[in-house]
Amino acid sequence: VVYTQSEILQREVYLFERLDSPNREPMKHLKAICFLRPTKENVELLVQELRRPKYSVYFIYFSNVISKSDVKALAEADEQEVVAEVQEFYGDYIAVNPHVFSLNLLGCCRGRSWDPAQLTRTTQGLTALLLSLKKCPMIRYQLSSEPAKRLAECVKQVITKEYELFDFRRTEVPPLLLILDRSDDAITPLLNQWTYQAMVHELLGINNNRIDLSRVPGISKDLREVVLSAENDEFYANNMYLNFAEIGTNIKNLMEDFQRRKPKEQQKLESIADMKAFVENYPQFKKMSGTVSKHVTVVGELSRLVAERNLLEVSEVEQELACQSDHSSALQSVRRLLQSPRVSELDAARLVMLYALRYERHSSSGLPALLEELRGRGGTDRYRKLVSAVVEYGGKRVRGSDLFSPKDAVAITKQFLKGLKGIENVYTQHQPLLQETLDQLIKGKLKDSQYPYLGPNTLRDRPQDIIVFLIGGATYEEALAVFNLNRSNPGVRIVLGGTTIHNTRR
């Protein structure tokens, strides 16, 4: 996620090993740089390593705060005095985009309360993030969520205990950490996506920037797994937030540009100068050829899945469920799709989940009939159980905010005008709840009664540095919303994090 193999080779690092891999050969002519999370297991493995060192010198970097007792254990093991330095280098999280991070944790809560090990890990990840960005924030949390309050308290405890580390130069307006709960908006992770990065994650799955294409029909061996990283892929960096239609056009341009630059097959390498030019241009050409074949393959596979799973029609109904409130029309649309053989079982279940979240308390709810139909399709109760689990997780009873109906007149007018104007794009009319929450926060209108501060102090000014963290996972649709908010509010910097990054399957 941070470095490519070739970048790290340029730094003269030639060998990569895991600390826990058995039977590593001793190589006393090499120096070792260790980069580790300061866990019990890692410290224990390091103690074993230092008792019988395989390399000449050790430079040890921990990705988070390490306890004095652990340092002592390492010092006692280092009888041969091979350790040159021990440092804390805060990077205990995964940097996904320039403004998005994840902790790669799935299933952080049991029911409505934290899994204790995951709470510890999340606290460590968040405090490491604050240390690496040099922020000592004020903390606000979602009142309706017990886990949000617990996490806020745990982060505060670490800041208090490690006050020397958090002693940064004060800014005029203190930074703000806002802790939210995914269960307030279970709709966003269930929707099909139409911008490049979000769509790739929804249909293929992105795992630490890697995409598994091994199931693509007729895929060549070198494309079974590809890396999509904005750091070193210019096409991806320029297209990750664009709509699928635009991506198609841009891929075509990329192809044409590539064709133009192709070294002429019949090019005669007559002089030394010709050969030199060819050799100099070849690496760039090869890199470009890799980029082209990768994106053509990915976009080709997305198109195939969209057609095969009838996703344009499915997505239109999803958006209708998420953004409009015409019950009978929505019910008819869902019924129609449930009867279509072209709609996959996952997509059918997703539609029923969205319907259940939207109309769970509607007087003429068609949920029982839809559940029966779902069962008839798959012949199992698996998806039925998932529907009720989703409602239990993010239904009306649980939500602290109003996910669907805007209360005040301004919001209602806005919605009405949006309807009148006709929606520019029927597939992307949905805005995640987070967009509204952050919009209120930036304007200084986010209610203290729903999002209280931890402790007696409150911000007098509008916040400028905002870190927002979603317990239970963020999504790439929210990452796009934050990207747009950063662009349209100069002077405001928002970083979004989550215990994981969701798609529907997750």
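This section describes model confidence, helix α6 and the nonpolar cores of a predicted model. Residues are numbered from 1 along each chain as its sequence is written. In this predicted model local features need pLDDT of at least 70 and side-chain atom pairs count only at pLDDT 80 or more, whereas totals for chains, interfaces and linings use all residues, and side-chain values use heavy atoms, with hydrogens and water left out.

The chain averages a pLDDT (the predictor's confidence in each residue, from 0 to 100) of 90, and 94% of the residues score at least 70. Over residues 419-423 the pLDDT is below 50, and this stretch has three contacts (heavy atoms within 4.5 Å) in the model beyond near neighbours in sequence. Where pLDDT is low, the predicted coordinates should not be read in detail.

Helix α6 (a DSSP run of H or I, at least four residues, numbered from the N terminus) spans residues 196-203, and eight of its eight residues are buried (under 20% relative accessible area, 1.4 Å probe, protein chains only), so the helix is largely enclosed by the rest of the structure. Among these buried residues are Gln 197, His 201 and Glu 202, and just after α6, Gly 205 takes a positive phi of about 90 degrees.

Tyr 196 and Val 200, together with Leu 302, Leu 321, Leu 438 and Ile 494, have the most contacts inside the largest nonpolar core, which has 98 residues; such a core is a set of buried Ala, Val, Leu, Ile, Met, Phe, Trp, Tyr and Cys residues joined through side-chain atoms within 4.5 Å. Helix α12 (residues 345-359) gives the most to this core, with 11 residues.

Technical notes
Buried means under 20% relative accessible area, exposed over 50%, partly exposed in between (1.4 Å probe, protein chains only). Helices (H or I, at least four residues) and strands (E, at least two) are DSSP runs, numbered from the N terminus.
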